[in-house]
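Please look through the structure below with three topics in mind: cysteines, charged pairs and empty space. The text takes them in that order.

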Amino acid sequence: MSQAISCIIMRGGTSRGPYLKLSELPANRDDCALMLQKIMGSGHELQLDGIGGGNSLTSKVAMVGVSTDPAADVDYLFAQVGIKERSVDFSPNCGNMLAGVAPFAIETGLVAAGSPVTLVRIRNLNTNKIIHAQVATPNGKISYEGDALISGAPNPAAPIKLTFLDVQGAKTGRLFPTGRVTDTIDNITVTCIDAATPCVLIRARDLGKTGYESPAELDQDTVLLARIEHIRRQAGQLMGMGDVSNQVIPKPVLLAPACHGGDIHARYFVPHSCHKALAVTGSIAIATACGIEGSVATGLTSASAAATISIEHPSGMLELEINKSGNDEHSITAVSLIRTARKILSGTIFLP
């Protein structure tokens, strides 16, 4: 008999994947990783024997369960699952998949819905940080229908407000893990920042790019990708993360001045190919850097003191609301943004 596990497949933000109950998964991370590889079909470029979509944005898994933390209602563990490689990375958070966590928790009875809106407090197990999600639940039932349209998703849906609390030092414990606002790697000035997720920010022009190239153009430039990966691995060492060659963090980001009415322009790598849109956690790191004097971002934007930051990306624009208690870089108390989610399928996955 094949092993079976229940799931709901959802689009969360600009990503897609199965949402699973933590209670139905092995507690041991190695055993859990093997199960996730089977679920997604790792080891084949089309993930033919699983439900992955053959792309890093559709080879993600969200695992959810009741939290033991009094500050949270549910725990959320994220995994980035390899496509050709039989690999699973539990180190990052994913803010796009996060958009589906509250709906999944309500759908599966982990959280009781209120009306007209339900607040779900989520503890991300990858970073041990708390995120608040507000979802539409008219008459106590989750609603996916609405007119909120986010860049990178094809259809409008009900808005889901995500508020990230205490974003600084999500993985390393420090906003600037190297102890400096800028560092020099391979004669390139970079900012190594850890806000919601560790990133290494680079001015596109310093790598001979405009920053406005399409993801496909950037992915075809093998020399550029090799340079970015070399910088990323050195940044990982400087940030105290050790050898990051088998991890997807820190994420490299190319920055340029805005050209479509936003505050700054970005190309985000995941990390070996360019994101078709922009990761939520990466956008928080970029927005945080925009408000820090001397970072590589501040020379490219005039929005350093703004309460909202609009980041241009290949699929459009992402706007973030910055909440501060003071005027320095350590005064950010929360970052909020709007995402959407859609339930696609509910059923049972059979594992080989």
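Cys199 has 0% relative accessibility and so counts as buried, where buried means under 20% relative accessible area, exposed means over 50%, and partly exposed lies in between (1.4 Å probe, protein chains only). Cys192 is also at 0% relative accessibility and counts as buried. This is a predicted model, in which local features need pLDDT of at least 70 and side-chain atom pairs count only at pLDDT 80 or more, while totals for chains, interfaces and linings use all residues. Residues are numbered from 1 along each chain as its sequence is written, and side-chain values use heavy atoms, with hydrogens and water left out.

Why does Cys192 form no bond with the closest cysteine sulfur? The closest one is in Cys199, and at 10 Å from the sulfur of Cys192 it is too far for a bond. Cys199 is in no disulfide either, since the cysteine sulfur nearest to it, that of Cys192, is 10 Å away. A disulfide is a pair of cysteine sulfur atoms within 2.5 Å, and by this rule the count comes to 0 disulfides.

The next topic is charge. Side chains of opposite charge can pair when their charged atoms come close. A salt bridge is a side-chain nitrogen of Lys or Arg within 4 Å of a carboxyl oxygen of Asp or Glu, and a search of the whole structure finds 10 of these salt bridges. In one of them, the side chains of Arg123 and Asp69 meet at 3.9 Å, N to O. Arg123 lies in strand β6 (residues 117-124) and Asp69 in the loop between β3 (60-66) and β4, so the pair ties together parts that are 54 residues apart in sequence. Strands (E, at least two residues) and helices (H or I, at least four) are DSSP runs, numbered from the N terminus. Arg123 counts as buried at 14% relative accessibility, whereas Asp69 is partly exposed with a relative accessible area of 21%.

A second example joins Arg180 and Asp183, whose closest N and O atoms are 2.5 Å apart. Here Arg180 is partly exposed, with a relative accessible area of 41%, and Asp183 counts as buried at 7%. A third salt bridge brings together the side chains of Lys209 and Asp221 (2.7 Å, N to O). This pair links distant parts of the chain, with Lys209 in the loop between β11 (197-203) and α4 (215-220) and Asp221 in the loop between α4 and α5 (222-238), 12 residues apart. Salt bridges can also share partners, and in this way Asp69, Asp75 and Arg123 are joined into one network.

The last topic is empty space. Rolling a probe the size of a water molecule over the atoms shows where empty space is left. On a 1 Å grid over the protein atoms alone, a cavity is a set of points where a 1.4 Å probe fits but cannot get out; a pocket is an open set with protein on both sides within 12 Å along at least five of seven lines; and lining residues have an atom within 4 Å of a point. Grid points are joined across faces, edges and corners, and a volume is the space filled by probe spheres set on the points.

How much space lies in the largest pocket? The figure is about 670 Å³. Its lining has 25 residues, and Ser56, Gly82, Glu85, Val270 and His272 lie nearest the centre. Both β4 (74-81) and β5 (88-89) supply at least two residues of this lining. By class, the lining divides into 8 nonpolar, 12 polar and 5 charged residues; Ala, Val, Leu, Ile, Met, Phe, Trp, Tyr, Cys and Pro count as nonpolar, Asp, Glu, Lys and Arg as charged, and the others, Gly among them, as polar. The second largest pocket has a volume of about 160 Å³, and the residues that line it include Arg11, Tyr144 and Arg342.

As for closed spaces, the whole structure holds 4 cavities of 30 Å³ or more. The largest cavity has a volume of about 130 Å³ and is lined by 18 residues, with Lys60, Gln80, Cys94, Lys251 and Ala279 nearest its centre. The elements β4, α2 (95-98) and α6 (280-290) each supply at least two residues of that lining.
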